[in-house]
Amino acid sequence: MLKFLILWDIFGRNWRRLVKKFLPELKKQYSPDFMIANSENMTSGRGAVVKHILEMKELWFDCLTWWNHSFANLNDNETYINSSDSIQIRPANYFDHPEYPVPGKWYKIIEKNWKKILVINLLGNSFMGWHIYNPFMKVDEILAETWNNFDSIIVDFHRETTAESYALSEYLSGKVTLVYGTHTHVQTNDEHILSSWTAMITDIGMVGSLHSSLGQKFESRIPNFATWINIFSAKNEVDMWPGLVNGIYVEIEDRKCIKIEKVRLIEKV
Ligand SMILES: [Fe+2]
């Protein structure tokens, strides 16, 4: 049996405090074989610098996924994210023009305990406001070449709408082991195993501040929503209590997901 612990949207400097505080307890409870997280907001709410990626590696994370701020720190991390031992991946469905290759690796193969796991990061199309390659077509192209080579395929679907999450999960049912949604920072209460043994959850949620807007202070967010003028830049995120750790725990046996369970821990103040 393969046991996965997946934590999401590790936000700003709070992640260091929360992940380090709660990880020993989570490891003791779940004894995960594989750990995955997202780092799109890890360094001051924008992407991740190499120093922080390596801190996650030291904590035994096998793979980090991205999106919105994937390339916010290219000056710092371009060499690392292009290297074969990078644990940081970026979404697979950017337009990858042969003359203008997008930096970073679009997949991670984790080999451990004689098992081989493929992690794919995809972007949704609905209301994301970016021109991207179709995620349904992209994942089909990937799976046409790879499925038989892996003990498990995990898809992180970074999207805005619940409908697109359900549509992709059903589309991939029986083709991958797990489809989990990310991006809204709010954990959904719909984790389940589809009829074909593929598990899904619409959104895992975030590791950040419980009482916040996307992990940011309200004085950064309320003016933007109140005026719809984007001139009120986000205040530097500082430690905000109480902390929230969202994620999922998943068990996989013979390529079938047999258990998916939400993780939701709120710090006691
Ligand atoms: Fe996002």
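**Strand β7 and a residue in the loop after it**

Let me begin with strand β7, residues 178–182, where five of the five residues are buried, so the strand is largely enclosed by the rest of the structure. I should say at once that this is a predicted model, and everything that follows should be heard with that in mind.

If we take the two sides of β7 in turn, Leu178, Tyr180 and Thr182 are buried on one side, while Val179 and Gly181 are buried on the other, and both faces are therefore covered. As background, in a regular strand the side chains alternate between the two faces of the sheet.

Now to the neighbours of β7. Strand β6, residues 152–158, pairs with β7 in the parallel sense over five bridges, and within that pairing Phe157 has Gly181 as its bridge partner. These two strands, together with helix α5, residues 162–171, make a right-handed β-α-β unit. Strand β9, residues 199–201, also runs parallel to β7 and is joined to it by three bridges, with Ile201 of β9 standing opposite Tyr180.

Finally, let me turn to Val186, which is found in the loop between β7 and β8, the latter being residues 192–193. Is Val186 buried or exposed? Its relative accessible area is 53%, and because the cut-off for exposed is over 50%, Val186 counts as exposed. Even so, leaving aside its neighbours within four places in sequence, Val186 is in contact with Asp203 and Gly205. As for Val207, which lies 21 residues from Val186 along the chain, the C-alpha atoms of the two are separated by 9.9 Å.

Definitions and conventions
Residues numbered from 1 in each chain as written. Predicted model: local features only at pLDDT ≥ 70, side-chain atom pairs only at ≥ 80, totals over all residues. Heavy atoms only, no water. Buried < 20%, exposed > 50% of the residue type's maximum accessible area, 1.4 Å probe, protein only. Helix = DSSP H or I, 4+ residues; strand = E, 2+ residues; numbered from the N terminus. Pairing = 2+ DSSP bridges. Right-handed = clockwise from strand over helix to strand, strands pointing away. Contact = heavy atoms within 4.5 Å.
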